[in-house]
Amino acid sequence: MKLCGVTILVVAMALAFSVKAEEPAGTWQLVESKYFRIYYQDAPDLVRLTYRLTRGKHKESAQRIKKSRTVPPEELKIYDELYEDTMRLLGMRSSERLAIRIYPDYEALAREYERLARKKDPVLAFYNQRNDSICVDASATRSVIGHEMAHALTDKLFMPDPPLEVQELLAGYVQTRI
Ligand SMILES: [Zn+2]
């Protein structure tokens with residue numbers, strides 16, 4: 001399996017994982033948008049991340065999310081818009097659905113990375129190719145998520161995968177422009 005993190009250049013895994021080991025720890029709840037199945041463990045995590053992503057783009061929506069402390073289904077569009085921006089930047093399109101897993105905090109994300117990769121790396125986020133999951137914590141930024149969305153997109157479109165350096169160049173391109 002392969003995990004692509006924001007701050008690392010190369011994380012290639014050739015280890016076999018059991019099905020059980022592939023199941024992320026914790027109890028997950030699910031909401032769905034056009035492109036994503038979005039998993040979270042606690043409702044405030046979904047609120048926090050969605051608010052952070054929305055506030056720079058849709059002021060009124062962000063206010064509604066902040067006030068109600070809930071994320072109405074229509075506000076999940078921010079994740080789809082981010083993916084549309086990623087596809088536009090790379091001039092590539094895919095309609096395959098992906099997952100986003102929102103971990104409560106950086107420690108939980110880092111623990112999950114370590115569990116899957118069986119090593120420690122200073123990752124801000126990572127893409128788990130095995131289950132098409134963009135893994136972030138609730139404080140992730142647009143650029144961090146854009147980077148991982150680029151990994152997810154290229155993973156879906158290229159067979160076989162292009163060299164890791166090329167994947168990171170594309171992800172870095174999105175990260176700095178989104
Ligand atoms: Zn990367």
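Which residues coordinate the zinc ion? The points below take up this site and then the surroundings of a helix and several aromatic rings in what is a predicted model.

1. Zinc donors. The zinc ion is coordinated by NE2 of His 147, NE2 of His 151 and two OE atoms of Glu 168, at 2.1 to 2.5 Å. Along the sequence, the donor residues follow the spacing H-x3-H-x16-E. His 147 belongs to helix α6 (residues 142-157) and Glu 168 to helix α7 (residues 164-177); this pair, 21 residues apart, links distant parts of the chain.

2. Zinc geometry. The 4 donor atoms subtend angles of 53 to 149° around the zinc ion, and the arrangement is therefore irregular. The tetrahedral label would require all angles to lie between 85 and 135 degrees.

3. Burial of the zinc donors. Are His 147 and Glu 168 buried or exposed? His 147 has a relative accessibility of 2% and so counts as buried. Glu 168 is likewise buried, because its relative accessible area is 9%, and the cut-off for burial is under 20%.

4. The two sides of helix α3. Which residues of α3 (residues 59-68) are buried? They are Ser 61, Ala 62 and Ile 65. Viewed down the helix axis, the buried residues of α3 fall within an arc of 100°, so they line one face of the helix. The face turned away from that buried side carries Lys 59, Glu 60 and Lys 67, which are exposed. After α3 comes Arg 69, with a positive phi near 55°.

5. Cover of helix α3. The elements covering the buried residues of α3 include α2 (43-54) and α4 (77-90). A residue of α2 that deserves inspection here is Thr 54. With a relative accessibility of 1%, Thr 54 counts as buried. Leaving aside residues up to four places away in sequence, Thr 54 touches Ser 61, Ala 62, Ile 65 and Ile 78. Three of these contacts, Ser 61, Ala 62 and Ile 65, are the buried residues of α3 named in the previous point.

6. Aromatic pairs. How many aromatic pairs does a search of the whole structure find? The search gives 5. One of them is formed by Trp 28 and Tyr 103, which meet edge-to-face, at 5.1 Å centre to centre and with 85° between the planes. Trp 28 lies in the loop between α1 (19-22) and β2 (29-32), whereas Tyr 103 is in strand β4 (residues 98-103), so the pair ties together parts that are 75 residues apart in sequence. Trp 28 is buried, with a relative accessible area of 18%, and Tyr 103 is buried as well, with a value of 3%.

7. A second pair and its cluster. Tyr 35 and Phe 36 also form an edge-to-face aromatic pair, at 6.5 Å centre to centre and with 70° between the planes. Both Tyr 35 and Phe 36 are buried. Together with Tyr 83, these two residues make up one aromatic cluster.

8. Arginine over aromatic faces. Over the faces of which rings does Arg 101 lie? Arg 101 lies over the face of Trp 28, at 5.1 Å from the ring centre. Arg 101 also lies over the face of Tyr 39, here at 4.2 Å from the ring centre. Trp 28 thus enters the description twice, through its edge-to-face pair with Tyr 103 and through Arg 101 over its face.

Notes. Residues numbered from 1 in each chain as written. Predicted model: local features only at pLDDT ≥ 70, side-chain atom pairs only at ≥ 80, totals over all residues. Heavy atoms only, no water. Donors = N, O, S within 2.8 Å, 3.2 Å for Na, K, Ca; no water. Tetrahedral: all angles 85-135°; square planar, octahedral: opposite > 155°, others 65-115°. Helix = DSSP H or I, 4+ residues; strand = E, 2+ residues; numbered from the N terminus. Buried < 20%, exposed > 50% of the residue type's maximum accessible area, 1.4 Å probe, protein only. Arc of directions from axis to C-beta. Contact = heavy atoms within 4.5 Å. Phe/Tyr/Trp six-rings, centres within 6.5 Å; stacked < 30°, edge-to-face > 60°. Lys NZ or Arg CZ within 6 Å of the ring centre and 35° of its normal.
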